Amino acid sequence: MLWKLLIRSQPCRLCSFRKMLSAPKYRPFLACFTYTNDHQSNKENKRTVEKLYKFSVDIRKIRRLKGWVLFEDETYVEEIANVLQQLGANETAVASILERCPEAIVCSPTAVNTQRELWQLVCKNEQELVKLIEQFPESFFTVTDQETQKLNIQFFQELGLKNVVISRFLTTASNIFHNPIEKNKQMISILQESYLNLGGSEANVKVWLLKLLSQNPFILLNSSAAIKETLEFLQEQGFTNFDILQLLSKLKGFLFHLCPRSIQNSISFSKNVFKCTDHDLKQLVLKCPAILYYSVPVLEERIQGLLKEGISIAQIKETPMVLELTPQIVQYRIKKLNSLGYRIKDGHLVNLSGTKKEFEANFGKIQAKKGRPLFNPVAPLNIEE
């Protein structure tokens, strides 16, 4: 979920944005309409519309979502479609891509071909490339800063990241490829230095770094000052270097996306709710690092949801990982456990917490134990002669 939220929060720079700057002032106004009339249709580029129809594109979708592209004087419908077809995209795929990312038709064919060459550096074959474009057309048609993109791809390869990981970055974290290569190199250097300063071993630093990047590439969008500030704040709160390494590992580096004030608010709230000392709170955080990550309103909502289900503060304090679950998931799991006669408020919360896979495994064990006969008639009897 964290990953998804971060992805949605990143701005997407498409080649069409450059053209929008020179667009007539009325375009954004027209783009907001969800219908078209004869007056509007007469202003559209008929040649563009006809070519889109030729490729079975639903023009209504484009008018509803990105209608401004139909008013462009210069478009490249056939050229872009040909590039996709050359890669192996069928008619349905081409239409789908153009409907979901109409900005593609205002991208220069030369730039798109260059983008294809860039993505082929990390794709096994054209079939894999087409599949990625189908899933993430906007990322592919972000054809700005192509020389910078190329340098960053090569840098990540030299760093030791696998091509499958880099291709995932291209589709879901494309902004890091638009970072100047010097900034990405500087951030990598700072992360390595921070790991070693926290007591990490020289022999393990590369493995740690590659794992951190594969889990959270957005860490490269941070500033070096923000990373240092967060580390210093945690040390001031009494966390040892080993503790901080644990937190970084469990939070997958998302800790660096938080500001000290946000962390302090979450710590103060948790300390007040659980009535614990600084030492006890630190132990809670190490068990459930999400306490640092979630905002006070989120923590409050989740605690209130648990209390409504009859769970006590003492139980939450004993198994704080349960705070990683939304109230809806808690209700669903408690309902399932109750169906087996398991009263969660009378016992431990271990069977309630964990990932979906872990919960289902625990539920299966409880279910099997519940249905197991007390006497096994086929078991051999140990009778003394």
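**Entry 1. The chain as a whole**

I counted the secondary structure elements first: the protein chain has 24 helices and 0 strands. I note here that the model is a predicted one. The chain has 385 residues, and 47% of them count as buried. I then looked up the accessible surface, which comes to about 20800 Å². Carbon and sulfur atoms account for 53% of that surface. For contacts between residues at least 6 apart in sequence, I found that 75% join residues at least 24 apart.

**Entry 2. The nonpolar core**

I looked up the largest nonpolar core, and it has 113 residues. Which of them touch the most other members? I wrote down L52, F141, L255 and L352. As background, nonpolar side chains tend to be buried together in soluble globular proteins.

I followed L255 a little further. With its neighbours within four places in sequence left aside, L255 is in contact with T230, L234, L247, L248, I263 and L292.

**Entry 3. Aromatic pairs**

I found 9 aromatic pairs in the structure. I took F156 and F169 as one of them: their ring centres are 6.3 Å apart and their planes stand at 80 degrees, so I entered the pair as edge-to-face. The cut-off behind that label is an angle over 60 degrees. F156 belongs to helix α12, residues 146-159, and F169 to helix α13, residues 163-172. The two are 13 residues apart, and the pair links distant parts of the chain. Are F156 and F169 buried or exposed? I found both buried.

I went on to F254 and Y293. Their ring centres are 6.3 Å apart with the planes at 80 degrees, so this pair is edge-to-face too. F254 sits in the loop between α17 (241-251) and α18 (260-274), while Y293 is in helix α20 (residues 290-293), so the pair ties together parts 39 residues apart in sequence. I checked the burial of each ring residue. F254 has a relative accessible area of 3% and is buried. Y293 is buried as well, with a relative accessible area of 17%; the cut-off for buried is under 20%.

I also noted one aromatic cluster, formed by F155, F156, F169 and F177.

**Entry 4. Charges over rings**

I looked for charged ends placed over aromatic rings and wrote down two cases. The charged end of R302 sits over the ring of Y294, at 4.4 Å from the ring centre. The charged end of K336 sits over the ring of F363, at 4.3 Å from the ring centre.

**Entry 5. Salt bridges**

How many salt bridges are there? I count 10.

I looked at E99 and K61 among them. Their closest N and O atoms are 3.5 Å apart. E99 is in helix α8 (residues 91-100) and K61 in helix α6 (residues 59-66), so this salt bridge ties together parts that are 38 residues apart in sequence. E99 is buried, at a relative accessible area of 12%. K61 is partly exposed, at 33%.

I turned next to the salt bridge of E103 with K66, where the closest N and O atoms are 2.4 Å apart. E103 lies in the loop between α8 and α9 (109-120), and K66 lies in helix α6. The pair links distant parts of the chain, 37 residues apart. E103 has a relative accessible area of 3%, so I entered it as buried. K66 has 22%, so I entered K66 as partly exposed.

I found another salt bridge between the side chains of D278 and K271, at 2.4 Å from N to O. K271 counts as partly exposed, with 33% relative accessibility.

I also recorded a network of salt bridges that links K51, K54 and E78.

**Entry 6. One residue, Q157**

I ended with Q157, which has its place in helix α12. Q157 counts as partly exposed, at 30% relative accessibility. Which residues does Q157 touch, not counting those up to four places away in sequence? I listed L121, V122, N163 and I166. For Q157 and L121 I also looked up the separation: they are 36 residues apart in sequence, and their C-alpha atoms are 9.8 Å apart in space.

Conventions. Residues are numbered from 1 along each chain as its sequence is written. This is a predicted model: local features need pLDDT of at least 70, side-chain atom pairs count only at pLDDT 80 or more; totals for chains, interfaces and linings use all residues. Side-chain values use heavy atoms; hydrogens and water are left out. Rings of Phe, Tyr and Trp (its six-membered ring) pair if their centres lie within 6.5 Å; planes under 30 degrees apart count as stacked, over 60 as edge-to-face and the rest as tilted. Helices (H or I, at least four residues) and strands (E, at least two) are DSSP runs, numbered from the N terminus. Buried means under 20% relative accessible area, exposed over 50%, partly exposed in between (1.4 Å probe, protein chains only). A charge sits over a ring if NZ of Lys or CZ of Arg is within 6 Å of the ring centre and within 35 degrees of the ring normal. A nonpolar core is a set of buried Ala, Val, Leu, Ile, Met, Phe, Trp, Tyr and Cys residues joined through side-chain atoms within 4.5 Å. Contact means heavy atoms within 4.5 Å. A salt bridge is a side-chain nitrogen of Lys or Arg within 4 Å of a carboxyl oxygen of Asp or Glu. Accessible areas come from the Shrake-Rupley method with a 1.4 Å probe; for residues, only the protein chains shown count as cover.
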